[in-house]
Amino acid sequence: MSTQQVKGFCIWFTGLSGAGKSTLSRALSEILRGRGRNVEILDGDEVRENLSKGLAFSREDRDTNIRRIGYVCHLLSRNGVVSISAAISPYRSIRDENRKRIGNFIEVFVKCPLDVLIERDVKGLYKKALAGEIKNFTGVSDPYEDPLHPEIVVETDKEDVEESVRKIIGYLEDQKRL
């Protein structure tokens, strides 16, 4: 690489639990690494375990968790890393706040209908939430605010992983980020 600083950016996956955010972020990161980019994934479950342990699922705690992810993405991105956030991030206002902080921000809405997610339900979370065993569950008993103007929308009930990742790579190439 030249002495010119490589520009980092943030890819922010948002969508309901089970929509495919983590799967897509892992597949995308492999391609980006293959193209010589430094990539870090901030997966929602891993961040909760390691950076936000002790936070509950109140609106305030969710906002704190997403702000923390945004802060780390900001630090990584400004240092030439492609940061990938794969967290539900249910509230539009905090996603928008992170967009302003990070600057070089690409929002990817991982869209999947609730009935398909309930059918997939690999973790059994929707079943428990629908039975009232999990309180404040996003998409069931707590709101999820769809992005109004995401840069990219992938529909994981209609697209396979490769197709969704191709859509994201195509956007990055069109925007001269790769």
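**Notes on helix α4, its arginine, and the cysteines**

1. Let's start at the end of α4: just after this helix, glycine 103 takes a positive phi of about 85°. Keep in mind throughout that this is a predicted model.

2. Now for α4 itself, which spans residues 92-102. Which of its residues are buried? They are Ile94, Arg95, Asn98 and Ile102. Looking down the axis of α4, you'll find these buried residues within an arc of 100°, so they line one face of the helix. The general background is familiar: an α-helix has 3.6 residues a turn, so residues three or four places apart point the same way.

3. What sits over that face? The cover for the buried residues of α4 includes β1 (9-14), α3 (59-78) and β4 (105-111).

4. Arginine 95 deserves its own point. Is this residue of α4 buried or exposed? Arginine 95 counts as buried because its relative accessibility is 1%, the cut-off for buried being under 20%. Its side chain reaches the backbone oxygen of serine 89 at 2.6 Å.

5. The neighbours of arginine 95 are worth a look in the viewer. Leaving aside residues up to four places away in sequence, arginine 95 touches Trp12, Thr14, Phe105 and Glu107, among them. The list also includes Ser89 and Pro90, along with Tyr144, Glu145, Asp146 and Pro147. Ser89 thus turns up twice for arginine 95, as a touching residue and as the owner of the backbone oxygen that the arginine side chain reaches.

6. For another charged side chain, go to glutamate 49 in helix α2 (residues 44-50). Glutamate 49 is partly exposed, because its relative accessibility is 46%. What does its side chain make a polar contact with? The partner is the side chain of lysine 53, at 2.6 Å. As for where glutamate 49 sits relative to arginine 101, the two are 52 residues apart along the chain, and 24 Å separates their C-alpha atoms.

7. Last, the cysteines. How many disulfides are there? The count comes to zero. Cysteine 73 is in no disulfide, and the nearest cysteine sulfur, which belongs to cysteine 10, is 4.0 Å away. A disulfide would need the two sulfur atoms within 2.5 Å, so this pair does not qualify.

8. On burial of the cysteines: cysteine 73 is buried, with a relative accessible area of 0%. Cysteine 112 counts as buried too, at 9% relative accessibility.

Notes
Residues numbered from 1 in each chain as written. Predicted model: local features only at pLDDT ≥ 70, side-chain atom pairs only at ≥ 80, totals over all residues. Heavy atoms only, no water. Buried < 20%, exposed > 50% of the residue type's maximum accessible area, 1.4 Å probe, protein only. Helix = DSSP H or I, 4+ residues; strand = E, 2+ residues; numbered from the N terminus. Polar contact = N/O pair within 3.5 Å; in protein donor to acceptor, adjacent residues only side chain to side chain. Contact = heavy atoms within 4.5 Å. Arc of directions from axis to C-beta.
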